[in-house]
Amino acid sequence: MRRIPVSMLRPGDVLGLPLRNDRGDLLVREGVPLTAEMISSLRRRRYYAVYVRDGIADDVIPQDVISDRVRTVTVRHISELFHLSSLDVGEDRPRTRGAELARARKTQRLLESVRQDVDLILNEVLDHDILTGITALKSYDDYTFSHSVDVAVIAILLGRSLRLRPDELHQLALGALLHDIGKMFVPDEILNKPGPLTPEEMRTMQQHTELGFQYLAEGAIGDYVANHVAFQHHERQDGSGYPRGLHGTNRLRREEHDRFNRSRIHPLAEIAAVADVYSALSSDRPYRPAMPPETLAATMRQMAGRHLNEEVIRAFFATIPLFPIGSTVRLTGGRYDGFTGVVVENRPGQLTRPVVRLTLDPHGQPVEGEEISTHAEPDCELTTPAPTPPLAPVG
Ligand SMILES: [Fe+2]
Ligand SMILES: [Fe+2]
């Protein structure tokens, strides 16, 4: 099946994968021909892309690294935790002691659930050896929560590829899942602002690192390293990050004399930082669409060294396929100059050069299912066809 922007959907198009909201409720079943009302509803709910069956690559099924069930349950727990704690913000009337206790108990229960979610995610990610990126479909509105799950999944994949020990992987997964928990203290108008932040708003936004760390350190989670992943995920190798301007060495393993240097970024926070940037750039946001894979790759390579840890970036390109299965690509240069196709396979060791099923020739005429490995076509560049115009507001 193919992944297409919601703005390109036409009545009668058939969904290839079910769509759920952030609470896990089924919105539209797969295999159902969409009506104009359903398409309007998807736009109103601010979904950006969906998978459709259109006869071109229906045999190609995109696979998420984790099951729908684990993803949905985890997103729900993070979202509940967020909403529970953000009740503090802007509340001026004093709460009764009973209400306070009940809320503290609920927070503890939710945090325990999040801990169990981490085990489930770890088991599923480590059990499977599928070469896939993030394929889950999300709407803008539940971004913060589904982003947290994405960052955890990508961080585990990177951590496994970097041969972390099981206890380190666990700390990484927990820290990555809760890395943005401090955003619960940032007002919604800033969090979801559909445009650039003012310097003042930016300062408020940046406080999510310290506030998240304090929240976790005050006994909520009790994992020192995971808490520091939340604290340090916006630090940069050259010291230009926040909140403390820590430095990295662009290597993951520390020399003995450097091991306890407190001005260094923790290696697990450096892995989470790469997963965080990838998830952010590859997601549609209210103020910009997702970055096309080829631009994303160039951007991440540019960020390596000064911003992101070079060793982790190398692991990234060796671990995460650049072009998700089902995405449409245009070929430029070489024998297939001007052709269009759909990504149908990502092979180990060739994760930036997928197998593409050709769909249209340079004149826009359909091509009969020929598949080529772009790895064997070094002169051929892969690009994403021009992004569709931003969605007009609906309803
Ligand atoms: Fe963050
Ligand atoms: Fe983040």
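The chain holds 12 helices and 10 strands. The model is a predicted one. Of its 395 residues, 38% count as buried. Contacts between residues at least 6 apart in sequence were examined for range; 69% of them join residues at least 24 apart.

The largest nonpolar core contains 56 residues. Within this core, the residues that touch the most other members are Ala155, Ile156, Leu158, Leu172, Ala173, Ala272 and Val274. Eight elements each supply at least two residues: helices H2 (68-85), H3 (97-127), H4 (143-161), H5 (166-177), H8 (208-220), H9 (224-232), H10 (267-281) and H12 (310-319). H4 gives the most, with 10 residues. A second core is separate from this one and has 29 residues. Leu17, Leu34, Leu42 and Tyr51 are among them. In soluble globular proteins, nonpolar side chains tend to be buried together.

Two members of the largest core were followed through their contacts. Leu158 touches Ile271, Val274, Ala275, Val312, Ala315, Phe316 and Thr319, with residues up to four places away in sequence left out of the list. Val274 lies in helix H10. Val274 has 26 other C-beta atoms within 10 Å; the threshold for burial is 20 or more. Val274 is therefore buried. With residues up to four places away in sequence again excluded, Val274 touches Leu158, Leu308, Asn309, Val312, Ile313 and Phe316. Val312 and Phe316 thus appear in the list for Leu158 and in that for Val274. Val274 was also compared with Met300, which is 26 residues away along the chain. The C-alpha atoms of this pair are separated by 8.5 Å.

H10 also packs against H9. The axes of the two helices come within 8 Å and cross at roughly 50°. That angle makes H9 oblique to H10, because it falls outside the ranges for roughly parallel (under 35 degrees) and roughly perpendicular (65 to 115). The crossing of H9 and H10 is right-handed. On the H9 side, the residues that meet H10 are Val225, His228, Val229 and Gln232. Their counterparts in H10 are Leu268, Ala269 and Ala272. Ala272 is also one of the residues that touch the most other members of the largest core.

The strands were examined next. Three of them form an open sheet in the order S1-S5-S2, with antiparallel pairing. S1 (2-5) and S2 (14-15) stand at the edges. Each has a single partner strand, so one side of each is left without a neighbour in the sheet. S2 pairs with S5 (residues 49-53) over two bridges, in the antiparallel sense. In this pairing, Val14 stands opposite Arg53 of S5.

Further antiparallel pairing involves S6, S7 and S8. S6 (residues 328-332) and S7 (residues 340-345) run antiparallel and are joined by three bridges. Arg330 stands opposite Thr340 in S7. S7 is also joined to S8 (residues 355-360), here by five bridges, and these two strands run antiparallel as well. The bridge partner of Gly341 in S8 is Leu358.

Key
Residues are numbered from 1 along each chain as its sequence is written. Chains are lettered from A and ligands numbered from 1 in the order in which they are written. This is a predicted model: local features need pLDDT of at least 70, side-chain atom pairs count only at pLDDT 80 or more; totals for chains, interfaces and linings use all residues. Two strands pair if DSSP finds at least two bridges between them. Helices (H or I, at least four residues) and strands (E, at least two) are DSSP runs, numbered from the N terminus. A nonpolar core is a set of buried Ala, Val, Leu, Ile, Met, Phe, Trp, Tyr and Cys residues joined through C-beta atoms within 7 Å. A residue is buried if 20 or more other C-beta atoms lie within 10 Å of its own, exposed if 12 or fewer, and partly exposed in between; C-beta atoms are placed from the backbone. Two residues are in contact if their C-beta atoms, placed from the backbone, lie within 7 Å. Axes are lines fitted to C-alpha atoms, for helices over the stretch in contact, and angles run from 0 to 180 degrees between N-to-C directions. Angles under 35 degrees count as roughly parallel, over 145 as roughly antiparallel, 65 to 115 as roughly perpendicular and the rest as oblique. A crossing is left-handed if the near helix is turned anticlockwise from the far one by less than a right angle, and right-handed if clockwise.
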